[in-house]
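Work through the exercises below with the sequence and the model side by side. Try each task before reading its solution.

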Amino acid sequence: MSANNAFHIAVLAGDGIGPEVMAPALEVLRKIEAKSDLRFRFTEAPAGANNYVATGKSMPDSTIKLCEEADAILLGACGLPSVRYPDNTEIAPQIELRFIFDLYAGVRPARLIPGVPSPIVGADKRGIDLVVIRESTEGLFASMGKGVVTHDDARETMVITRKTSERLFDFSFRLAERRKARGKQGALACVDKANVFKAFAFFRGIFDEIAKKHPDVKTDRLYVDACSAMLVKRPWDFDVMVMENMFGDIVSDITASLIGGLGMAPSADIGDKYAVFQPCHGTAPDIMGQGKANPTGMILSAAMMLDWLADKHGAESATEAGERIERAVDRVYADGLKPIEFGGSNGTADITKAVLAAL
């Protein structure tokens, strides 16, 4: 699409509850379309464990081509515990897309929505609003499919490069500056294990270099173990954190747990040209087809997509639309919406209906 307010979206619904949470997100975007000058064209394509069972590939070439041509990619949860590659690893298009399109910045926001329970005492009054930025193409994950296993040992290799680290830190500082302009802390912490590993000392050294270009951003350097301990005591002290791939994988699950769980957590994997938006949760085959899946994370991922499209294409109305979705989600939870995982009775249909009405 040529106009800067018209977007072609690749839709990869995935496996398990993936299609069940994708449908509400598309409904929300259609509602946005009906009430704004934004226009969307959705093209659905296969990806995931079910496609692997049917064809022997996680994604057909046509899906990858579609993703290349689209303005953005919406991805549902992918993979099933019972379906594996011959080396016993999961079918994971979400990881493969990061490598294919060089999506080096994994953005994992964690914001406590009014009315949502947090396990952290005082969070309801102090609030939680932070972002984990996880490098998504290197680190320990660079060894995916390349590890060496013998009878006596197994070895995986961590990779950290200057080029990717510089881009990652540039992205992280820009995000911190953008958040500061919106009235948030605008602080950035580098999270690593530089006291033990040379690779992380290298990582931190590059962070220090890039920090000099952004004197208005308050910076900190934390070891990942200390950071994890601090997160479950005083999460409101954090704003933006940047870290290696595996650390980000783990810490982003911690932060999602602070705001009600993975069902509430959106995410994005962003590169210089392409971006994928998906919820943090998995395919949850145990509740598939029962109407219990919480679509909030997927809906908020769609809101993140609108914000990214606005920034990339200069479409101010897309920024406003993303904020409208967030406000609608806030409103329905503040009014007492209670998903099944919180001990309530509201399933997929109830949550979708409530958000659409709030829009």
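**Exercise 1: A β-α-β unit**

E1, helix H1 (residues 18-34) and E2 make a right-handed β-α-β unit. Right-handed means that, with the strands pointing away from the viewer, the path from the first strand over the helix to the second runs clockwise. Helices (H or I, at least four residues) and strands (E, at least two) are DSSP runs, numbered from the N terminus.

This is a predicted model: local features need pLDDT of at least 70, side-chain atom pairs count only at pLDDT 80 or more, and totals for chains, interfaces and linings use all residues. Residues are numbered from 1 along each chain as its sequence is written, and side-chain values use heavy atoms, without hydrogens and water.

Task: in which sense do strands E1 and E2 pair?

Solution.
1. Locate E1 at residues 6-12 and E2 at residues 39-44.
2. The two strands pair in the parallel sense, over six bridges. Pairing requires at least two DSSP bridges between strands.
3. Check one position: Phe7 stands opposite Phe40 in E2.

**Exercise 2: The sheet**

Task: give the strand order of the open sheet.

Solution.
1. Ten strands run in the order E2-E1-E3-E12-E11-E4-E5-E10-E8-E9, with mixed pairing.
2. E2 and E9 (218-223) are the edge strands, each pairing on one side only.
3. For an antiparallel pair, take E11 (residues 266-270) and E12 (residues 275-279), joined over five bridges.
4. Within that pair, Pro266 has Pro279 in E12 as its bridge partner.

**Exercise 3: A contact list**

Task: which residues does Tyr333 touch?

Solution.
1. Count heavy atoms within 4.5 Å as contact.
2. Leave out residues up to four places away in sequence.
3. Among the partners are Ile113, Pro114, Met264, Phe342 and Ile351.
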